[in-house]
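Here is a colleague's note for someone opening this structure for the first time. Please keep the sequence and the 3D view side by side while reading.

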Amino acid sequence: MSQPSDTAANSASWHATTILTVRKDGRVVIAGDGQVSLGATIIKANARKVRQLGKGGVIGGFAGATADAFTLFERLEAKLEQYPGQLMRAAVELAKDWRTDRFLRRLEAMMIVADAETTLVLTGTGDVLEPEHHVMGIGSGGMYALAAARALLDQPLDAEAIARRAMAIAGEICVYTNSNLVVESLPSSK
């Protein structure tokens, strides 16, 4: 009988979050829950995974390892300073670095970022994706929140109401999602 490797024995999964973005009727919103779990244990219930970036013209949320995500937020803020008002360009430049830099390649996180015009999902594989239907979810409960938000898009609700309701639905389904929400929003040109 073989013994489990140290990696397998010590790799209890961190399930960190649900992040959702909704863009509707002149607003873009990013909402994130506050739960951080290690295996079957809730480590923290009120983590802040959504925040304003740069000088406030960009909002972002992350799923994955917290230290990795903050490293990526810092790198994105530096790119935004280098390319002011150009979220897409800054994100593409970050994705290039993320994919090619030996240190950054090891970071385990995903990000949703948005400004008045653009919403993007950034992944460690170098993807820079613009979501379809102006809605996207990432993290453990991301697909539940995404499905709920897409179902609510045609309702007479604003972007924040849709995000809050969709996150509540995700929290009822996904054990790694709670109801301690942080919501950031910006005026949208779309």
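1. Start with helix α2. Its buried residues are Asp68, Ala69, Thr71, Leu72, Phe73, Leu76, Glu77, Lys79 and Leu80. Charged residues are on that list, including Asp68, Glu77 and Lys79. What lies over these buried positions? The cover includes β6, β7, α3 and β8. Bear in mind that the model is predicted.

2. The length of α2 is worth a check. The helix runs from residue 66 to residue 82 and has 17 residues. From first C-alpha to last, α2 reaches 24 Å. That is close to the 24 Å expected at 1.5 Å a residue.

3. Next, the sheet. Five strands form an open sheet in the order β6-β7-β8-β9-β10. The pairing is antiparallel. Which strands sit at the edges? They are β6, residues 50–53, and β10, and each of these pairs on one side only. As background, strands of a sheet pair through backbone hydrogen bonds, either parallel or antiparallel.

4. Look at one pair inside that sheet. Strand β8 covers residues 109–114 and strand β9 covers residues 119–122. The two run antiparallel, and four bridges join them. To find the register, take Ile112: it stands opposite Val121 in β9.

5. Helix α3 packs on several strands. This helix, residues 87–100, lies across β7 (58–64), β8, β9 and β10. How is α3 angled to β9? The helix runs at about 5° to that strand. Recall that α3 is also among the elements covering the buried residues of α2.

6. Within α3, check the charges. Glu93 forms a salt bridge with Arg89, with the closest N and O atoms 3.9 Å apart. Both residues lie in α3, four residues apart, about one turn of the helix. Their surroundings differ in accessibility: Glu93 counts as buried at 16%, while Arg89 counts as partly exposed at 39%. The pair belongs to a wider set, since Arg89, Glu93 and Lys96 are linked in a network of salt bridges.

7. Helix α5 holds another such pair. Arg164 forms a salt bridge with Glu160, and the closest N and O atoms are 2.9 Å apart. Both lie in α5, residues 159–173, again four residues apart and about one turn of the helix. Arg164 is partly exposed at 38% relative accessibility. Glu160 is partly exposed too, at 31%.

8. The salt-bridge count comes to seven. One of them joins Lys49 and Asp33, whose closest N and O atoms are 3.6 Å apart. Why does this pair link separate parts of the chain? Lys49 lies in the loop between β5 (41–44) and β6, and Asp33 lies in the loop between β3 and β4 (36–38), so the pair ties together parts that are 16 residues apart in sequence. Are the partners buried or exposed? Lys49 is buried, with a relative accessible area of 3%. Asp33 is buried as well, at 0%.

9. Thr21 deserves a close look. This threonine is found in strand β2. Thr21 counts as buried, at 0% relative accessibility. Where does its side chain reach? It reaches the backbone oxygen of Val29 at 3.0 Å. Leaving out residues up to four places away in sequence, Thr21 touches Val28, Val29, Ile30, Ile112, Thr119, His134, Val135 and Met136. That list includes Ile112, the residue standing opposite Val121.

10. Finally, check two backbone angles. Asp25 has a positive phi of about 45°, although it is not a glycine. Asp25 is found in the loop between β2 (18–24) and β3 (27–32). This aspartate is exposed, with a relative accessible area of 64%. His134 is the other case: its phi is near 60°, a positive value in a residue other than glycine. His134 is found in the loop between β10 (128–129) and β11 (135–139). At 35% relative accessibility, His134 counts as partly exposed. This histidine is also among the residues that Thr21 touches.

Note on methods: Residues are numbered from 1 along each chain as its sequence is written. This is a predicted model: local features need pLDDT of at least 70, side-chain atom pairs count only at pLDDT 80 or more; totals for chains, interfaces and linings use all residues. Side-chain values use heavy atoms; hydrogens and water are left out. Buried means under 20% relative accessible area, exposed over 50%, partly exposed in between (1.4 Å probe, protein chains only). A polar contact is a pair of N or O atoms within 3.5 Å; within protein, one must be able to donate a hydrogen and the other to accept it, and residues adjacent in sequence count only if both atoms are side-chain atoms. Contact means heavy atoms within 4.5 Å. Two strands pair if DSSP finds at least two bridges between them. Axes are lines fitted to C-alpha atoms, for helices over the stretch in contact, and angles run from 0 to 180 degrees between N-to-C directions. A salt bridge is a side-chain nitrogen of Lys or Arg within 4 Å of a carboxyl oxygen of Asp or Glu. The expected span of a helix is 1.5 Å times one less than its number of residues.
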